[in-house]
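Reader: I would like to learn how to read pockets, cavities and backbone features in a model. Where do we begin?

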Amino acid sequence: MDALFTTAFELWGASTSWLEVVAFGLALAMVACNIREIHWGWPLAMLSSALYLLLFWRSRLYGDALLQAFFAVLALWGWSQWLQGGKTSDGGAPRQALRISSLSARGRLGVVLACAALWPLTGWFLQRYTDSDVPLWDAFPTAASLVGQVLLGRKLTENWLVWLIVNLVCIGLFAYKGLWLTTVLYALFSALSVVGWRAWRHQQGPQGQAQTAGQAHG
């Protein structure tokens, strides 16, 4: 295990391990697959999550470490959703793959409320049961990421907005912890969240966006 944490190079005065380097590459490949709707991004997510679990645990970011364990489990669910999680086709044929869609106004409110409820609960858990030195700060991306992962699994465009907020918060968190390569990764993730949002809205097309707007006013 210690071999995974051997130094690959120094970045801004902090050691960057080989584990972090490999996790960095897997995570970028995962997001690229997600943007292009390539379902192989999900097994990449499992591998990346396993590595980041080890990295975050050693850095005492227990919320983010536990989040990676949830990600690995949710990745199996997300993979199945992308392949066969859509509506049943006519005539009782097998379920079709999901298509990109958007939430109604009520659904977006539900996302906000879910994040608002999970954040203090996660922060309380980390403060009470771990030696985290940033429990509330660590709790927000942990809570919001769970919501974002569910939205991603259901191919809802709003997942990219949730990820954008999570990534921006994580930039400060990981910089504070001296995980500079991961800080760079989340800066890239922030930009890719915007790219993903635009790409999915484009793939959804005017007809799908108009239908969503109708649902939002319904």
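Author: With a definition. On a 1 Å grid over the protein atoms alone, a cavity is a set of points where a 1.4 Å probe fits but cannot get out, while a pocket is an open set with protein on both sides within 12 Å along at least five of seven lines. Lining residues have an atom within 4 Å of a point. Grid points are joined across faces, edges and corners, and a volume is the space filled by probe spheres set on the points. This is a predicted model: local features need pLDDT of at least 70, side-chain atom pairs count only at pLDDT 80 or more, and totals for chains, interfaces and linings use all residues. Residues are numbered from 1 along each chain as its sequence is written, and side-chain values use heavy atoms, with hydrogens and water left out.

Reader: How much space lies in the second largest pocket, and which residues line it?

Author: About 220 Å³. The lining consists of L103, R108, V111, V112, C115, F140, A144, E158, L161, V162 and I165. Nine of these residues are nonpolar, none polar and two charged. The classes are fixed: Ala, Val, Leu, Ile, Met, Phe, Trp, Tyr, Cys and Pro count as nonpolar, Asp, Glu, Lys and Arg as charged, and the others, Gly among them, as polar.

Reader: Which element gives the most to that lining?

Author: Elements are DSSP runs, numbered from the N terminus: helices are H or I with at least four residues, strands are E with at least two. Here α4 gives the most, four residues. At least two residues each come from α4 (105-129), α5 (135-153) and α6 (159-176).

Reader: Take E158 from the lining. Is E158 buried or exposed?

Author: Buried means under 20% relative accessible area, exposed over 50%, partly exposed in between (1.4 Å probe, protein chains only). E158 counts as buried because its relative accessibility is 5%. E158 is in the loop between α5 and α6.

Reader: What does E158 touch?

Author: Contact means heavy atoms within 4.5 Å. Leaving out residues up to four places away in sequence, E158 touches S101, S102, L103, R108, L151 and W197. A polar contact is a pair of N or O atoms within 3.5 Å; within protein, one must be able to donate a hydrogen and the other to accept it, and residues adjacent in sequence count only if both atoms are side-chain atoms. The side chains of E158 and T157 make one at 3.4 Å.

Reader: Now closed space. How many cavities of 30 Å³ or more are there?

Author: One. The largest cavity holds about 370 Å³. It has 28 lining residues, and M30, F71, W163, Y186 and F189 are the closest to its centre. Two or more lining residues come from each of α1 (18-35), α2 (41-58), α3 (62-84), α5, α6 and α7 (180-217). The largest share, seven residues, is from α2. By class, the lining has 17 nonpolar, ten polar and one charged residues.

Reader: Last, the backbone. Where does phi turn positive outside glycine?

Author: R60 is one case, with phi near 65 degrees. R60 sits in the loop between α2 and α3 and is partly exposed, at 33% relative accessibility. K155 has phi near 55 degrees. K155 lies in the loop between α5 and α6 and counts as buried, at 5%.
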